[in-house]
Amino acid sequence: PDGQPADRLPGSGCRYTPSSRGSAAQTRTNARPRRYRSSRCRSPCGDRAGYVQHERIDPMRAVVIRDFGPVGSAAIEDIATPEAGVGEVLIRIAAVAANFVDTLVMTGKYQFLPERPFVPGKLPVGTVEAVGAGVDRLKVGDRVLTLAEHGGYAEAVSVADDQCILLPDSLSFPEAASMAL
């Protein structure tokens with residue numbers, strides 16, 4: 001099942017297994033292995049003990065709002081994984097709070113509404129996976145809270161580097177996401 005522990009991955013204390021997408025045949029066809037460029041695990045476990053390899057599924061999965069309506073009408077879709085542009089960082093999302101403002105935006109009842117389609121999810125937290133040109137304050141592997149107004153209900157989000165707050169190692173991703181409320 002999604003995010004459930006599996007056998008330990010080589011070289012790490014991590015027990016995270018990326019969610020499977022469809023049948024085993026589909027997963028093998030669509031998945032491509034990816035090595036992360038630092039010594040930190042990128043799974044939601046937050047283990048920073050070893051160099052691990054997780055599979056990255058591209059395109060990524062995200063909650064997509066095409067039309068405002070009840071929260072239950074939101075669809076999970078495969079969309080293109082964003083890239084870090086100039087002055088931006090790509091964040092592999094580890095946690096995001098279920099924010100009341102998100103429910104208002106999803107239903108079209110908030111005073112500021114993004115253009116549709118969009119991915120909701122305010123203030124996600126995660127790990128810097130890629131750094132765009134002109135970024136010198138953050139590096140791959142940094143743990144951050146983003147000030148993104150939307151985009152958090154996905155596997156990754158690209159945000160301006162000045163919209164990221166470094167997290168101390170003592171603060172877990174779920175704690176950081178809940179603090180952001």
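**Exercise 1.** Leaving aside neighbours within four places in sequence, list the residues in contact with M106 in this predicted model, then place M106 in its core.

*Solution.* Outside that window, M106 contacts V63, I65, F68, G69, V71, A74, P120 and Y153. Next, turn to the largest nonpolar core, which has 14 residues: M106 is among the members that touch the most others, together with A62, V119, Y153 and A154. Two elements give two or more residues to this core, strand 3 (60-64) and helix 2 (100-107). Strand 3 supplies the largest share, four residues. Apart from this core lies another, of 11 residues, including I91, V135, A148 and V159.

**Exercise 2.** Find the aromatic pairs in the whole structure and classify each one.

*Solution.* The search returns two pairs.

- Step 1. The ring centres of F68 and F118 are 6.2 Å apart and the planes meet at 50 degrees, so this pair is tilted.
- Step 2. F68 sits in the loop between strand 3 and strand 4 (75-79), and F118 in the loop between helix 2 and strand 6 (125-131), so the pair ties together parts 50 residues apart in sequence.
- Step 3. F68 has 26% relative accessibility and is therefore partly exposed, whereas F118, at 6%, is buried.
- Step 4. Y110 and F112 make an edge-to-face pair, with 6.2 Å between centres and 70 degrees between planes. Y110 is partly exposed at 22% relative accessibility; F112 is exposed at 60%.

**Exercise 3.** Where is confidence lowest, and where is it highest?

*Solution.* The chain's average pLDDT is 77, with 69% of residues scoring at least 70. The lowest mean, 31, belongs to helix 1 (residues 24-30), and the highest, 98, to strand 7 (residues 143-146). Throughout residues 1-55 the pLDDT is below 50. Where pLDDT is low, predicted coordinates should not be read in detail.

Methods:
Residues are numbered from 1 along each chain as its sequence is written. This is a predicted model: local features need pLDDT of at least 70, side-chain atom pairs count only at pLDDT 80 or more; totals for chains, interfaces and linings use all residues. Side-chain values use heavy atoms; hydrogens and water are left out. pLDDT is the predictor's confidence in each residue, from 0 to 100. Contact means heavy atoms within 4.5 Å. A nonpolar core is a set of buried Ala, Val, Leu, Ile, Met, Phe, Trp, Tyr and Cys residues joined through side-chain atoms within 4.5 Å. Buried means under 20% relative accessible area, exposed over 50%, partly exposed in between (1.4 Å probe, protein chains only). Rings of Phe, Tyr and Trp (its six-membered ring) pair if their centres lie within 6.5 Å; planes under 30 degrees apart count as stacked, over 60 as edge-to-face and the rest as tilted.
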